[in-house]
Amino acid sequence: MAVDKSLNQAPLGLDASLAGGVQPGVNMPQPDLEIEIEDPESVKIGIDGMEIELEPGEDEGSFNENLAEVLDEGQLDQLAGDLLGDYEEDVNSRKDWIQTYVDGLELLGMKVEDRTEPWPGACGVYHPLLSEALVKFQAETMTETFPAQGPVKTQIIGKETPEKRDAAVRVQDDMNYQLTERMVEYRPEHERMLWGLGLSGNAFKKVYFDPSLDRQVSMYVAAEDVVVPYGAANLETAERVTHVLRKTKNEMARLQRDGFYRDVDLPEPSNTMDEVEKKIAEKMGFRAETDDRYKLLEMQVDLIIEEDEYRDEEDDGIALPYIVTIDKDSQEVLAVRRNWDPDDKKKAKRNHFVHYSYVPGFGFYAFGLIHLVGAFAKSGTSILRQLVDAGTLSNL
């Protein structure tokens, strides 16, 4: 449909001379305005050979949509099978590191051991070398990273001016308020992170915006729950980053109701724990053999999804970053979402984790106190028990 209409006043944003207005001292004819509507979602306006195309703004909600809702079942099954195979390879690549870590947990002495050899009631104490070093590291690091005035300290780069100084003070006060007052979980999660960091040599924080709380959150994630290929250099360049999540049935129902996960029928949780989880619970003195929560794998990966409308022509043959969430037991894909900023033309991967390392090692995972002084703690425990048992035998 085309409409010809003479204008006496320029539309908002157009120069008056283009719309037929007469500038002082200049006599100009009024051009015709041609409006062409072929699609109600798109309008074209032509004025004297100049064409203006009006299109609706990009819907941010569509960018964050769950692509698992539009992909067919065959694609989702193949995607789940491929990613689960890659996940198992990543778990096997760090097997030696995790085994040393799990075996060393016993040396903390958190579990009271009743020994029956060489006789019932034999000495079962542990040398405090490892636990003492860990507590000292946590206490001293907490004091340094979380002083009384707050964890944030600003620094002015370049020439210092009164305006910059005032801005630095405002930023420092606001960030300290956010971390100490609004983000109530920040300090306890930070303390937990330091304990895990010193123990295993690795700790992670997941920083994201929680819509239910309407604020940023920073949660500690244990090293055993973040699976990265052992040969990766860092989180930014790793080809896969898998976060192992555990959700109760009620949490899953809420997330599916709110549209965060795909609404599919999931079987009952398997109610089992893998070998690493069982060993960790056993070494720490807990009786945990079952877990009635769903085990989800939230994987940051690069994929080629041809059906994605946000792929451009220059992206042909290039894998783009996505976040894929899979229920491990049923192998159902619950969500596939884009993992780049909608305003980023390069479509660079967004990283949601912060990796803290104690002593860098040969691969991605660093070494902790268990790896460094675990052997000495084990030898000290053995010598201490021999001395006590020898004294007991001598007294008898």
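**Exercises around K206 and strand β5**

A polar contact of 2.6 Å joins the side chains of K206 and E298, where a polar contact is a pair of N or O atoms within 3.5 Å and, within protein, one must be able to donate a hydrogen and the other to accept it, with residues adjacent in sequence counted only if both atoms are side-chain atoms. The model is predicted, so that local features need pLDDT of at least 70 and side-chain atom pairs count only at pLDDT 80 or more, while totals for chains, interfaces and linings use all residues. Residues are numbered from 1 along each chain as its sequence is written, and side-chain values use heavy atoms, with hydrogens and water left out.

**Exercise 1.** Determine whether K206 is buried or exposed, and list its contacts.

*Solution.* Step one is to place the residue: K206 is found in strand β5, strands being DSSP runs of E with at least two residues and helices runs of H or I with at least four, numbered from the N terminus. Step two is its accessibility: K206 has a relative accessible area of 11% and is therefore buried, given that buried means under 20%, exposed over 50% and partly exposed in between, with a 1.4 Å probe and protein chains only. Step three is its surroundings: leaving aside neighbours within four places in sequence, K206 is in contact with V217, S218, M219, V221, H243, E298, H352 and F353, contact meaning heavy atoms within 4.5 Å.

**Exercise 2.** Identify which strands pair with β5, and in what sense.

*Solution.* Two strands pair if DSSP finds at least two bridges between them. On this criterion β5 (residues 202-210) pairs with β12 (residues 353-357) in the antiparallel sense over five bridges, and the bridge partner of K206 in β12 is F353. With β6 (residues 215-221), β5 again pairs in the antiparallel sense, over seven bridges, and V207 stands opposite S218 in β6. Finally, β5 and β6 form a hairpin with four residues between them, where D214 in the turn has a positive phi of about 60 degrees.

**Exercise 3.** Describe the largest nonpolar core and the elements that contribute to it.

*Solution.* A nonpolar core is a set of buried Ala, Val, Leu, Ile, Met, Phe, Trp, Tyr and Cys residues joined through side-chain atoms within 4.5 Å. The largest has 26 residues, and Y101, F204 and V228 have the most contacts inside it. The elements giving two or more residues to this core are α3 (95-104), α4 (129-145) and α9 (369-395), and the largest share, four residues, comes from α3.
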